[in-house]
Amino acid sequence: MTGIREMDAADWPAVQQIFAEGIAGGEATFEIETPTWDAFDASKLKSPRLVATDSSDAVIGWVAASPVSARQAYRGVVEHSVYIRDDARGQGVGRELLDAFVTAADAAGIWMIQSSIFPDNLASLQVHERAGFRVVGRRERIARSRLGPHAGQWRDTVLIERRSQANGLD
């Protein structure tokens, strides 16, 4: 990896492809298809929204977040997603991208970042733990997978969170 920068609309084809790889693998999401750029853009915070690039400036990973609620009381609470291109996994890209996202989220006044991860996705759970996230619970049989190796099966998710020390939640 050579860089991390803000995501823009020109990155969408690569971001969409990486998202599609995550969907196909069956361990990243309950989604069954990628959204359009317009839907993705409308559902995610404008910043922080980051991509990781390799030495040829190709996008090899991304991270973005959505507000958990429109209510003012929850304005600093987001749910994030981080995806790494299949051939770039296991090289530290996820950790660097997640660290950059946490730093940017702190600077933006976000006081809690949360996510739900499949319990089988040990790599994601471990990288999040190293980045300061903690497990706060397990949601049992929350939804059925519709694609991948778990199609038709009820799946659990592990709820994780990171509370910002920079924004008063230590």
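Helix α3 covers residues 93-107, and its 15 residues reach 21 Å from the first C-alpha to the last, close to the 21 Å expected at 1.5 Å a residue. Keep in mind that this is a predicted model. Which residues of α3 are buried? They are V93, G94, L97, L98, F101, V102, A105 and D106. An α-helix has 3.6 residues a turn, so residues three or four places apart point the same way. After α3 comes G109, whose phi is positive, near 85°.

D106 also leads us to the far end of the chain. A166 sits in the segment after β7 (154-163), and its C-alpha is separated from that of D106 by 6.1 Å, although the two residues are 60 apart along the chain. D106 is buried, whereas A166 is exposed, with a relative accessible area of 57%.

Another long-range approach involves H150, which lies in the loop between β6 and β7. H150 and G25 are 125 residues apart in sequence, yet their C-alpha atoms are 9.8 Å apart in space. With a relative accessible area of 15%, H150 falls under the 20% cut-off and therefore counts as buried.

Let us turn to the aromatic residues. The structure holds 8 aromatic pairs. In one of them, the rings of F30 and F118 have centres 5.0 Å apart and planes at 85°; an angle over 60 degrees counts as edge-to-face, so this pair belongs to that kind. F30 lies in the loop between α1 (12-25) and α2 (37-43), and F118 in the loop between β5 (112-117) and α4 (122-130), so the pair ties together parts that are 88 residues apart in sequence.

How do F30 and F118 stand in terms of accessible area, buried or exposed? F30 is partly exposed, at a relative accessible area of 27%, while F118 is buried, at 3%. F118 has a charged companion as well: R155 lies over the face of its ring, at 3.8 Å from the ring centre. Elsewhere, W12, F19, W37, F40, W62 and Y83 form one aromatic cluster.

Two of the aromatic residues named above also appear in the account of the empty spaces, F30 in the cavity lining and Y83 in the pocket lining. A search of the whole structure finds 1 cavity of 30 Å³ or more. The residues that line this cavity are I23, G26, T29, F30, E31, S145, R146 and L147.

The largest pocket has 48 lining residues, and the closest to its centre are A28, S81, V82, Y83 and N121. Many elements contribute to this pocket: α1, α2, β3 (59-67), β4 (77-84), α3, β5, α4 and β6 (134-144) each supply at least two residues of the lining. Helix α3, where we began, is thus one of the contributors.

Here are the two spaces with their volumes and the classes of their lining residues.

| Space | Volume | Lining by class |
|---|---|---|
| Largest cavity | about 40 Å³ | 3 nonpolar, 3 polar and 2 charged residues |
| Largest pocket | about 1200 Å³ | 18 nonpolar, 20 polar and 10 charged residues |

To bring the picture around F30 together: its ring pairs edge-to-face with that of F118, and F30 also lines the largest cavity. Y83, for its part, belongs to the aromatic cluster and is among the residues closest to the centre of the largest pocket.

Note on methods
Residues are numbered from 1 along each chain as its sequence is written. This is a predicted model: local features need pLDDT of at least 70, side-chain atom pairs count only at pLDDT 80 or more; totals for chains, interfaces and linings use all residues. Side-chain values use heavy atoms; hydrogens and water are left out. Rings of Phe, Tyr and Trp (its six-membered ring) pair if their centres lie within 6.5 Å; planes under 30 degrees apart count as stacked, over 60 as edge-to-face and the rest as tilted. Helices (H or I, at least four residues) and strands (E, at least two) are DSSP runs, numbered from the N terminus. Buried means under 20% relative accessible area, exposed over 50%, partly exposed in between (1.4 Å probe, protein chains only). A charge sits over a ring if NZ of Lys or CZ of Arg is within 6 Å of the ring centre and within 35 degrees of the ring normal. On a 1 Å grid over the protein atoms alone, a cavity is a set of points where a 1.4 Å probe fits but cannot get out, and a pocket is an open set with protein on both sides within 12 Å along at least five of seven lines; lining residues have an atom within 4 Å of a point. Grid points are joined across faces, edges and corners, and a volume is the space filled by probe spheres set on the points. Ala, Val, Leu, Ile, Met, Phe, Trp, Tyr, Cys and Pro count as nonpolar, Asp, Glu, Lys and Arg as charged, and the others, Gly among them, as polar. The expected span of a helix is 1.5 Å times one less than its number of residues.
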